[in-house]
Amino acid sequence: MVEYEAPRPSGYTIIQIALHWLIAALVAFQLIFGEVMVEAMEAVEEGEPLPAGGGVGIDLHIWVGVSILVLAVARLIVRLGHGSPPPPAGSPPIQVLAANVVHWAFYALLIGVPITGLAAWYVTPAAGDIHTLAKPAFIILILLHLAGVAWHQFVGKDTVMQRMVLPAK
């Protein structure tokens, strides 16, 4: 039996690019300003009042997290519907595997972390232990992602980086 494989697009759509950069900015915001939730959770667990001005920070953290969840699901749906460009010709299989693992790990975090955060705040603080592990996991993935981008740009000298800046024609 011959399997049919749909042709892969040559690049990303403007929607995929916009979602990528918007989600990246929101994740950076959460990583930089997310400590307000740590303080709030500690206060709640100890029966103390929330930190001064914490209400706005808490609401902002929750709504940015929900936005990340919604946008990540949208991005996943678009990716599954439109596809993604193939790796550059001649890419070693281990490099392709590493890129796939990093990308799918991002999707898992982008969807799972907001869910655990909501569970920690609204259901059980125990979910906060899982949610807290997200910050170092995101930082590691971001560093791996940036290393891959740098490698493609400066060593491989291919067009991988341009694909996430300029939409496919």
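Okay, so before anything else: a contact here means heavy atoms within 4.5 Å. With that in hand, look at the protein chain: of its contacts with a separation of 6 or more, 81% are between residues 24 or more positions apart.

A word on what you're looking at. This is a predicted model, where local features need pLDDT of at least 70, side-chain atom pairs count only at pLDDT 80 or more, and totals for chains, interfaces and linings use all residues. Residues are numbered from 1 along each chain as its sequence is written, and side-chain values use heavy atoms, with hydrogens and water left out.

Overall, the chain has seven helices and zero strands; those are DSSP runs, numbered from the N terminus, with helices being H or I of at least four residues and strands E of at least two. Of the 169 residues, 33% are buried, meaning under 20% relative accessible area with a 1.4 Å probe, protein chains only; exposed is over 50%, and partly exposed is in between.

Now, my favourite residue, R163. You'll find R163 in helix α7, residues 160–163. R163 is buried but has no salt bridge, that is, no side-chain nitrogen of Lys or Arg within 4 Å of a carboxyl oxygen of Asp or Glu. The nearest side chain of opposite charge is D158, 7.1 Å away; Lys and Arg count as positive, Asp and Glu as negative, and His and the chain ends aren't counted.

So who is around R163? Skipping neighbours within four places in sequence, R163 touches S10, Y12, I17, P85 and P86. A polar atom of the R163 side chain also sits 2.7 Å from the backbone oxygen of P86.

Last stop: L166, in the segment after α7. L166 is exposed, at 55% relative accessible area.

Key
A polar contact is a pair of N or O atoms within 3.5 Å; within protein, one must be able to donate a hydrogen and the other to accept it, and residues adjacent in sequence count only if both atoms are side-chain atoms.
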